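Subject: Structure for you to look at

Hello,

Here is the structure I said I would pass on. Please open it next to this email; my notes follow below.

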Amino acid sequence: SGGILLACALSACWTLGSFSPWLAWTGKEYRHMHLNSTPAGFGVNSTGTLLNKLHSTLPALPILGVNASAARHQAQHVQLSPRLETLSGAEVVWQAPSGTVRAVLFVAHGCSHAATDWWPAATGCSSCIGLPEEVNITRHALHRQYAVVAISSADRQGQKCWSASSPIMGAGNSTDTQQVVEVLTTLIARQSWNGLPIYALGASSGGAFVAVLAMGNFGPKLQLAGVCSQIMGVPNQLLQKYLAATKPQAATKPGAIVGTDAQLPLYPPIIFVHMPRDESTAAHVAANMLTLTQAGVAVKEIRVGPRHLTPGLLHEAVGAEISHNQSTAIWAAFRAGGLVDEQGQLIQDPRGADWQSMIVTGKVPGVGQMRLTPDESPVSEVLNVLWAGHELVSQTTTETLDFWEQAGKPLKRRSSRA
């Protein structure tokens, strides 16, 4: 697309210089990341200095961990009936809640993923694979009467990352931005969702994409009411440039109206969900939060820490795909293979461990029917969440939706159309 390498999937390897027309996010393995870099242009020399600067201005927050309530069962009664379509050349999976629709939620996957991750296979989407964290977010949003729209990035042959664009960069829309805008425009008009708040949640590459999408000028009908960027920040220089362009301008003469740049919307409330084990991403998030707070933007942070693997957790997280007996057998195999200690704490990053072989050699029943391929495996995703290095999480969904609704205007209601 002509964009530059802007962020690596885990530790946000920023390359800025001048802004490129399109900002491209690519993904790399966690073990290849440099964890001590800091955001370009922020004017600090260490991660610790940057974090201290932010947290001296904001209240301390607890790190979510073993004592956090994931609320996984809160919305389990919600019936999932996805609909797969191709709109404006993009792969789209969506579902409206039964009854009234209160808001629209666009969800953006990370690199190596797709829109089909957010629902299990069903009549309306036979290619859906239903990863546990994505599905749990979908369930919670539908439970809150949000219509959920997942769109796959345009890159379906490479790393499947997103490319973003904004008028502040002085260029036209990237393919991803154009497709997302067209898809949302089509669905909102077709399903009579006009006037409803539009929220956007993304992880990693998708998290950066939605954060930049909020800088777009797509008219009042597509102005985002709230954003959630998980495990990723955005280039702070870009954010500073955008906020400078949209802040109230000084009056040129007495009595003049003080307004904002008419071509750009004010930045919406944003919540960052990240994992402090990834120190570089934490530093970029800290820079973004300080910049946004100083500009008067509503901002919130949730830090997610490591959690323990218990014998029954995989069954609880994944559901019927992994029985309680299989979950217990996998836990025993991981203990024997040295992946977890006697308390269930992961000893090493699962992305660098051969946990699949542990399951096979541990003679876990039904292993032949289990999905064990990374980025398609529910076991892989749960392990990544427990390690808390770089993974989409659903345990923060309720808090995210609460933040949006409290920070924004009261939600309207529309009758749902199938």
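Counted along the chain, the bonded cysteines pair in the pattern 1-4, 2-3. The model is a predicted one, and the number of disulfides found in it is 2.

One disulfide is between Cys 111 and Cys 161, with an S to S distance of 2.0 Å. This link ties together distant parts of the chain, as its two cysteines are 50 residues apart. Cys 111 is in the loop between strand S7 (103-108) and helix H2 (132-143), while Cys 161 is in the loop between strand S8 (146-151) and strand S9 (163-164). The link of Cys 111 and Cys 161 is right-handed, with 125 degrees about the S-S bond. Cys 111 has a relative accessible area of 12%, so it is buried. Cys 161 counts as buried too, at 6% relative accessibility.

The other disulfide joins Cys 125 to Cys 128, and here the S to S distance is 2.1 Å. Its torsion about the S-S bond is about 90 degrees, so the disulfide of Cys 125 and Cys 128 is right-handed. Are these two cysteines buried or exposed? Cys 125 is buried, at a relative accessible area of 0%, and Cys 128 is buried at 5% relative accessibility. A further cysteine to look at is Cys 228, which is buried with a relative accessible area of 0%.

Next, the chain as a whole. The protein chain has 418 residues, and 55% of them are buried. Its secondary structure consists of 11 helices and 14 strands. Among contacts with a separation of 6 or more, 74% are between residues 24 or more positions apart. The area that the protein chain exposes is about 16,700 Å², of which carbon and sulfur atoms supply 52%.

Helix H10 (residues 378-387) deserves a look of its own. How many of its 10 residues are buried? The count is 10 of the 10, so H10 is largely enclosed by the rest of the structure. Its buried residues include Pro 378, Glu 381, Asn 384 and Trp 387. A general point about helices helps when you turn the model: an α-helix has 3.6 residues a turn, so residues three or four places apart point the same way. What do the buried residues of H10 pack against? Their partners are H2, H7, helix H8 (324-337) and helix H9 (355-361).

Both ends of H10 have a detail to find. At the N-terminal end, Ser 377 acts as a cap: one of its side-chain oxygens lies 3.2 Å from the backbone nitrogen of Val 379. Just after H10 comes Ala 388, which takes a positive phi of about 65 degrees.

The last item is Arg 307. You will find Arg 307 in the loop between strand S13 (299-304) and helix H7 (313-318). Arg 307 is buried, yet it has no salt bridge. How far away is the nearest side chain of opposite charge? That side chain belongs to Glu 133, and it is 6.2 Å from Arg 307. A salt bridge needs the side-chain nitrogen of Lys or Arg within 4 Å of a carboxyl oxygen, so Glu 133 does not provide one. Arg 307 does make a polar contact through its side chain, with the side chain of Gln 395, at 3.4 Å.

Regards

Definitions and conventions:
Residues are numbered from 1 along each chain as its sequence is written. This is a predicted model: local features need pLDDT of at least 70, side-chain atom pairs count only at pLDDT 80 or more; totals for chains, interfaces and linings use all residues. Side-chain values use heavy atoms; hydrogens and water are left out. Helices (H or I, at least four residues) and strands (E, at least two) are DSSP runs, numbered from the N terminus. Buried means under 20% relative accessible area, exposed over 50%, partly exposed in between (1.4 Å probe, protein chains only). Lys and Arg count as positive and Asp and Glu as negative; His and the chain ends are not counted. A polar contact is a pair of N or O atoms within 3.5 Å; within protein, one must be able to donate a hydrogen and the other to accept it, and residues adjacent in sequence count only if both atoms are side-chain atoms. A disulfide is a pair of cysteine sulfur atoms within 2.5 Å. Contact means heavy atoms within 4.5 Å. Accessible areas come from the Shrake-Rupley method with a 1.4 Å probe; for residues, only the protein chains shown count as cover.
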